[in-house]
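These are my notebook entries on a structure that was new to me. I set down what I looked up, in the order in which I did so.

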2 protein chains.
Amino acid sequence: MERNERGVTPQGEDFSAWYNELVVKAQLVDRGPAKGTMVIRPYGYRLWELIQADLDRRIKDTGHENAYFPLLIPESYLRREADHVEGFAPELAVVTHAGGKELEEPLIVRPTSETIIGEMMAKWISSHRDLPLLLNQWANVVRWELRPRMFLRTTEFLWQEGHTAHTDETDAMRETMLALDIYTQVARDIAAIPVLPGEKTPGERFAGAARTFTIEGMMRDGKALQAGTSHYMGTNFAKAFDIRYTSGAGRLELCHTTSWGMSTRMIGGVIMTHGDDKGLVLPPRLAPHQVVIIPIGRGDQGEQTRTAAHELAARLKSATVRCHVDDRAQLSPGFRFNDWELRGVPIRLELGPRDLQSGTAVMAKRLGDEPKQNIPLSSAPTLIPNILEDFQTFLLTRATRFRDTHTTPTDTWPHFTEAVSTGWALALHCGKPTCENDIKTTTAATPRCIPLEAPPETGRCIHCDEPSAYGKRVIFGRAY
Amino acid sequence: MERNERGVTPQGEDFSAWYNELVVKAQLVDRGPAKGTMVIRPYGYRLWELIQADLDRRIKDTGHENAYFPLLIPESYLRREADHVEGFAPELAVVTHAGGKELEEPLIVRPTSETIIGEMMAKWISSHRDLPLLLNQWANVVRWELRPRMFLRTTEFLWQEGHTAHTDETDAMRETMLALDIYTQVARDIAAIPVLPGEKTPGERFAGAARTFTIEGMMRDGKALQAGTSHYMGTNFAKAFDIRYTSGAGRLELCHTTSWGMSTRMIGGVIMTHGDDKGLVLPPRLAPHQVVIIPIGRGDQGEQTRTAAHELAARLKSATVRCHVDDRAQLSPGFRFNDWELRGVPIRLELGPRDLQSGTAVMAKRLGDEPKQNIPLSSAPTLIPNILEDFQTFLLTRATRFRDTHTTPTDTWPHFTEAVSTGWALALHCGKPTCENDIKTTTAATPRCIPLEAPPETGRCIHCDEPSAYGKRVIFGRAY
Ligand SMILES: [Zn+2]
Ligand SMILES: [Zn+2]
């Protein structure tokens with residue numbers, strides 16, 4: 001009975017219901033009062049902090065500096081880059097009144113910061129010696145969302161946005177790919193999501209970009225999730241904001257700029273890549289609690305196991321394991337087991353009076369394919385870090401296998417439609433936006449990316465039979 | 001000539017000009033396009049990150065969890081607490097249009113989050129077992145500012161806001177004082193600002209609070225800066241948002257709540273507590289670069305000192321010293337010396353060809369009272385951490401001495417007006433808001449706080465001669 005109340009709809013029955021119920025029941029988020037906004041609860045925010053810490057370190061290690069730019073952007077700034085304003089206009093939130101008065105010029109709550117950062121770059125850059133200028137900002141952004149979905153599409157979300165300026169295309173493209181590579185690593189190493197890096201087709205580019213790159217992950221319903229993007233802007237924003245430098249030869253030149261972002265959307269990716277019918281499955285490197293210890297027993301015995309649980313927790317913490325003791329005596333052991341299963345804790349240690357007597361704890365891993373094991377209390381701090389590492393590796397391997405078995409090279413239209421109904425299709429495409437649109441209308445699938453690494457291949461478009469573009473197969477799939 | 005271009009107006013000539021010039025020339029901030037907003041540049045943002053890291057650790061160590069609540073708050077939420085909306089109404093920025101339409105209910109860009117967090121607390125709390133609920137959020141807030149001042153009063157600023165709920169007044173007051181104590185420690189230990197903790201008089205309370213506590217620092221112009229506040233809300237917000245719990249005895253009770261915040265304003269406090277006519281003076285624990293090494297020499301010799309500088313930097317970094325090599329060969333040594341002096345780096349190491357030959361570097365401390373010293377390259381990594389610690393201690397001692405010599409117990413009105421024109425007055429006061437107002441109108445001084453620690457004393461009000469309130473002397477001063 002406790003179980004049912006906390007349980008979630010099985011994935012196979014309704015993946016969408018599974019997700020929507022889980023994010024709330026696992027106490028990751030709650031709905032905010034304004035349309036499409038979310039409250040990120042401590043358990044969900046801790047996931048974000050752990051992603052942040054890893055990503056921030058990599059951003060700094062590659063020479064970028066954090067800064068902070070204003071939330072409120074004059075409307076006129078957005079208009080300076082035509083594609084940019086066209087792309088974002090439908091999603092903008094506008095401040096028209098402030099300080100008790102109507103503003104002369106409305107202010108936009110930033111949907112992204114290319115414009116305001118472009119304006120400042122123009123001010124800060126004068127010589128080639130000021131380049132490259134490598135900036136990053138951790139911030140909230142607002143994009144009005146009509147069909148919100150917690151973490152995946154919310155009116156407000158948290159992200160980092162990198163913004164850099166360079167002397168030429170070569171250097172800016174090197175930066176664009178560096179950022180994409182950082183995202184690929186964070187997704188794989190930390191979130192255990194085997195993302196595929198690739199380039200977006202022109203129809204899927206960021207508003208104002210010359211080239212857009214993406215990392216795409218496959219969720220357990222076969223859909224794709226864009227988990228991070230990196231854009232080469234060419235000189236589009238440099239022209240709009242007059243970002244120029246004097247070269248070594250004394251000539252005034254336009255900068256080439258980039259921008260790249262990863263957001264709280266990643267958390268949605270973690271949930272949908274690893275979760276199962278019992279709830280979340282968290283990769284150890286992202287788990288707020290890597291181990292939960294549950295002392296069992298009543299009265300004096302309960303007191304003893306409780307004390308032992310806290311002692312063990314202290315020893316695990318010294319071994320840099322993130323550990324939590326759930327000693328809520330008012331809840332049954334079974335309820336507590338299910339609760340942490342739902343919340344995706346990689347390892348559960350049960351500590352009852354008899355375990356304590358034999359100097360062991362009962363270890364249950366979150367993916368209970370193996371039977372429970374007894375683990376000696378004395379050696380737990382040396383054993384557990386390795387078990388966690390194995391668990392992390394296993395999740396990446398399992399997700400890679402899932403992705404690969406759900407990715408199908410297709411050369412016929414019926415095969416294509418079948419492939420994108422359960423996963424991804426690898427197909428040749430003509431590259432025409434109208435053809436992309438036709439495919440989308442018929443199958444709900446879009447070109448996710450032109451993979452960076454793929455064998456050269458040419459032929460006929462999967463849909464219209466025109467000669468193929470890109471020189472390789474494109475990944476098509478339905479997407480979040 | 002280089003010097004003059006980078007230099008700032010002396011403090012004694014115009015403190016305000018000194019500050020405004022310095023924050024821009026030291027590359028801490030730049031003006032944002034929307035009224036009163038600021039761009040925090042990497043050097044300034046790094047200061048914030050270092051404050052954040054220390055404060056966040058203390059907040060977590062005391063059992064609080066980070067979460068994130070939406071930026072946009074329905075206008076009706078603010079109206080639910082009468083004092084709260086009255087206090088904030090003149091400063092609000094209002095989103096009236098979003099997603100291309102006029103909103104049915106305008107949304108406020110959060111000026112602070114008591115209301116939206118109160119709404120969620122009501123949802124999350126049901127039993128006494130859910131208490132205390134200890135939350136913190138790192139966020140941006142917007143308060144429309146008519147007379148902006150970088151870091152000190154800006155339309156948007158960054159802060160953390162703690163929000164907690166408790167079963168009763170005792171527990172909530174313990175929390176209120178715990179937060180104040182954390183702020184006192186951060187200010188003293190990290191920023192070397194000897195703040196005075198105390199309670200605000202009723203006229204200076206936070207809008208909606210039952211009691212407000214503050215830490216007040218003295219700036220080098222004798223003015224006070226409120227560097228952090230902690231509020232006991234009583235049951236005001238619990239009533240407005242229906243935050244209730246079932247007690248052990250089964251009765252439905254109102255929660256007692258607190259909130260507390262420290263912001264980017266702290267950076268302004270650091271600048272005005274320690275800075276001098278040459279520029280910033282940064283406490284080592286907050287300095288982005290604790291040591292800057294400047295290699296000197298041209299051609300081959302320049303190459304040698306440059307290599308040696310980077311070697312030394314690597315060794316200092318291993319000794320956990322934050323170290324930067326300024327090898328901008330196109331700039332003269334003198335220019336670079338002045339630049340880092342302006343930017344407040346605690347220790348400068350000059351490394352010329354002759355120094356290198358003798359295995360030493362020339363060390364200049366930012367407060368150049370002592371002559372430059374030679375420091376052996378071999379032992380630098382062991383010596384410098386101690387020198388930095390001494391520098392940190394010295395700054396706190398110097399600031400404490402300054403504060404104490406500019407704080408005067410006063411018992412006559414002429415003496416009072418003289419004291420508050422150059423620093424703080426310790427005076428008895430009747431406690432009446434009208435009398436506070438009269439004092440403010442005449443002298444520009446306000447009651448900064450009733451110090452927590454002060455000997456008991458009663459007598460007559462410094463201004464109106466009525467019997468004194470509070471049982472001790474109150475600190476009066478002009479303030480930022
Ligand atoms: Zn086609
Ligand atoms: Zn009086």
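Before I began, I fixed one term: a residue counts as buried under 20% relative accessible area, as exposed over 50%, and as partly exposed in between. I also noted that this is a predicted model.

**Entry 1: the zinc site of chain A**

I first looked up which residues hold the zinc ion (ligand 1). The SG atoms of Cys430(A), Cys435(A), Cys461(A) and Cys464(A) coordinate the zinc ion (ligand 1) at 2.3 Å. I found angles of 106 to 116 degrees among the 4 donor atoms, and the site is tetrahedral. Along the sequence, the donor residues follow the spacing C-x4-C-x25-C-x2-C. I then placed two of these donors: Cys435(A) lies in helix α15 (residues 433–443) of chain A, while Cys461(A) lies in the loop between β22 (446–451) and β23 (474–477), so the pair ties together parts that are 26 residues apart in sequence. Are these two cysteines buried or exposed? Cys435(A) has 4% relative accessibility and therefore counts as buried. Cys461(A), at 3%, counts as buried as well.

**Entry 2: the zinc site of chain B**

I turned next to the zinc ion (ligand 2). Its donors are the SG atoms of Cys430(B), Cys435(B), Cys461(B) and Cys464(B), at 2.3 to 2.4 Å. The angles among the 4 donor atoms are 104 to 116 degrees, and I recorded this site as tetrahedral. The donor residues of the zinc ion (ligand 2) are spaced C-x4-C-x25-C-x2-C. Here I placed another pair: Cys430(B) is in the loop between β21 (424–427) and α15 (433–443) of chain B, and Cys464(B) is in the loop between β22 (446–451) and β23 (474–477), so the two tie together parts that are 34 residues apart in sequence. Cys430(B) is buried, with a relative accessible area of 10%, whereas Cys464(B), at 30% relative accessibility, is partly exposed.

**Entry 3: strand β8 of chain A**

My last question was how many residues of strand β8 (residues 156–166) of chain A are buried. I counted 11 of its 11 residues as buried. In a regular strand, side chains alternate between the two faces of the sheet. I therefore checked each side of β8(A), and both faces are covered: the buried residues include Leu158(A) and Thr164(A) on one side, and Phe157(A) and His163(A) on the other.

I then looked up the strands that pair with β8(A). Strand β7 (residues 133–142) of chain A runs antiparallel to β8(A) and is joined to it by 10 bridges. Within that pairing, Ala139(A) has Trp159(A) as its bridge partner. Strand β14 (residues 256–263) of chain A also pairs with β8(A) in the antiparallel sense, over 8 bridges. There, Ala165(A) stands opposite Thr257(A).

Conventions: Residues are numbered from 1 along each chain as its sequence is written. Chains are lettered from A and ligands numbered from 1 in the order in which they are written. This is a predicted model: local features need pLDDT of at least 70, side-chain atom pairs count only at pLDDT 80 or more; totals for chains, interfaces and linings use all residues. Side-chain values use heavy atoms; hydrogens and water are left out. Donors are N, O and S atoms within 2.8 Å of the metal (3.2 Å for Na, K and Ca); water is not among the atoms, so sites may look incomplete. Four donors count as tetrahedral if all angles lie between 85 and 135 degrees; four count as square planar and six as octahedral if opposite donors are over 155 degrees apart and all others between 65 and 115; anything else is irregular. Helices (H or I, at least four residues) and strands (E, at least two) are DSSP runs, numbered from the N terminus. Buried means under 20% relative accessible area, exposed over 50%, partly exposed in between (1.4 Å probe, protein chains only). Two strands pair if DSSP finds at least two bridges between them.
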